[in-house]
Amino acid sequence: MNKKDTTCKEPRLVANWQTLTRTFIKPEDDASRAVLLKYMEQILFGLHDFLKKHVGITEEVSLKDLSNRFTDTIISKNPEKKLSDVITELIEDIAPHAVNVASPYFVGHMTSAIPFFMVHLKTLVTALNQNVVKIETSKVASILEKQVLAKIHRQIYKKDETFYNKHVQNARTTLGCFIKDGTMANLTALWVVRNSVLAPKENFEGVEKEGIRAAYKAYGIERCVIIVSRLAHYSLCKAGGVLGIGNQNIIAVDVDSNNRIDIKSLNKIIKEIKENKVKTEILAIVGIAGATETGTVDPLAKLGAICAENRIYFHVDAAWGGPTLMSEKYKHLLKGIELADSVTIDGHKQFYMPMSCGMVYFKDPSIMDSVIYHANYVNRPGSVDLGIKSLAGSREANSLILDGALKIMGSRGYSLLIEHGIETAGKFAEEIEKRPNFQLITNPELNILTYRICPFHIKQKLDRGTLEQKKMINKKLNKINSAVQRLQREAGKSFVSRTTLKIKNETEDNIIVLRCVIMNPMTNINILKEILDEQEEIYSKL
Ligand SMILES: *Cc1c(COP(=O)(O)O)cnc(C)c1O
């Protein structure tokens, strides 16, 4: 599909100034408008057919075969294809081998179907091509971004009207920022904390300027740590590395039987750190609102209280669970999130935005002052240039998409999606418990659950066996579950992911579990039953 005709002497297509400039000219006459519309139609309906036809990840063509087709590394001198041919190639040769994440049978990951209007909004953002790093390339888009940030901030922190009137368009304060993804949102939050804790003071110009070594010396400390449950997303470890704290200093606390951070262990660790001879600064405690593997929510109110009592910064990673706040019925599951100093939320997860859109929100509208950067030609002090306080440089006006979506859906629209996910996950858990071949491992708190194949007779042995026998059985079950997950994926009809969890009993075994994320509104209990049926069938043939 990408074999290039580099030997051709008489090129069919040529690159010259005239054709080049034509591609930059806006469609003025009816003919060129018609051409552009035709291409858009080709994209929307061509892909539509693909999305209807293909489900799951087939092994019809293996990854190895595919990679053999994409080995040519020479850029041809002359144009190879016209736009219409490129689009046709993408639709006919590429899309069928991509993953149909929009299928209701695709329930393995946090990437799923998006409302169709997102394609329109994304197209609009691309056509405008604003760069919100500075006001000179974005104007109203930067102003709108501040408004959208305030809207979501209000969902989290529920400050009063006066507060939002004061900050919504304040050029000197920030209620949060848009960034590429959840990983960068977490990094931004921890960057802000690091710089606030290791701030400039007498004879020290701050960690951002002088670096970690000088900062530790100035503050008389030997290390900084960040405390989080062991179900934390690995982006926090990356942040530890990037920020120079060292990722071994991202301390993982054990979880309780509900997979929430164990408060007793947490208190013990805080106490130990305070008594440790190695003078250690606790930069932050991170609570998770929707753990990536289990969907569980840490006791945020308790964490908030512990942080307040010990004067520790409190960050909540709500990359997944944040939009639960839109549901009147279930927002109580995130109780205590308003105590957080900062909150990460991913737009491309449960706001159903296209890839990719991370966000981070701050309780204190001035705290981002610790990461201010100015440049002479842009981002002058006091301007609304959003790049002044952002890890990102140039970036798209994603806020236009989120704002459009919020207007189209209303909070009620989003809450219907959230409620469907949580309630379908609940029904699915009941179904799993009804079936003797399965064992529910983590009960869904939000819309993620894990389970494994564990036939009744084996379950009995697991209950009664010696420690040695139990360990043997878990090993065998790991092999079975791993095989079933792989075979189901390769069959291409449905997709459930798998992960490894440490089981909370005397075996302390790492068990392989099947993981379902239910966010597609088209996924219903009947589809989930079919998925279980298929797993039972695959198991019975093993
Ligand atoms: C997905 C996720 C992240 C990372 O987000 P990306 O957008 O993939 O970088 C961080 N934390 C949690 C809890 C997540 O679920």
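The following exchange goes through some features of this predicted model and the reasons for the words used to describe them.

User: Why is N203 called exposed?
Analyst: N203 has a relative accessibility of 77%, and the word exposed is used for values over 50%, so N203 counts as exposed. This residue is found in the loop between α8 and α9 (207–219).

User: Why is N259 called buried?
Analyst: The relative accessibility of N259 is 13%, and buried means under 20%, so N259 counts as buried. N259 is found in the loop between β3 (250–253) and α11 (263–275).

User: What makes the phi of N203 worth a remark?
Analyst: Most residues other than glycine have a negative phi. N203 is not a glycine, although its phi is positive, at about 65 degrees. Phi of N259 is likewise positive, near 65 degrees, in a residue other than glycine.

User: Which peptide bond is cis, and what is its omega?
Analyst: The bond that joins M355 and S356 is a cis peptide bond, with omega at about -20 degrees, and S356 has its place in the loop between β6 (342–346) and β7 (358–362). Most peptide bonds are trans.

User: What makes the pair formed by the side chain of D317 and a nitrogen atom of the ligand a polar contact?
Analyst: An N or O atom in the side chain of D317 is 2.6 Å from a nitrogen atom of the ligand, and a polar contact is a pair of N or O atoms within 3.5 Å, so this pair qualifies. An oxygen atom of the ligand is also 2.8 Å from a polar side-chain atom of D346, and an oxygen atom of the ligand is 3.1 Å from an N or O atom in the side chain of T292. The protein buries 89% of the 380 Å² that the ligand exposes when taken alone.

User: Which helix gives the most to the shell around the ligand?
Analyst: That is helix α8 (residues 182–197), with three residues. There are 15 residues around the ligand, and those that come nearest include G182, T183 and K349.

User: Which residues have the most contacts inside the largest nonpolar core?
Analyst: They are I227, L266, F351 and Y414, in a core of 66 residues. Helix α13 (residues 398–434) gives the most to this core, with nine residues, and at least three residues come from each of domain 2 (130–395) and domain 3 (411–541). Leaving aside neighbours within four places in sequence, I227 is in contact with residues including I251, L266 and V286.

Key:
Residues numbered from 1 in each chain as written. Predicted model: local features only at pLDDT ≥ 70, side-chain atom pairs only at ≥ 80, totals over all residues. Heavy atoms only, no water. Core = buried A, V, L, I, M, F, W, Y, C linked by side-chain atoms within 4.5 Å. Buried < 20%, exposed > 50% of the residue type's maximum accessible area, 1.4 Å probe, protein only. Helix = DSSP H or I, 4+ residues; strand = E, 2+ residues; numbered from the N terminus. Domains from an automatic or database assignment. Contact = heavy atoms within 4.5 Å. Near = heavy atom within 4 Å. Polar contact = N/O pair within 3.5 Å; in protein donor to acceptor, adjacent residues only side chain to side chain. Areas by Shrake-Rupley, 256 points an atom, 1.4 Å probe, with all protein chains shown as cover.
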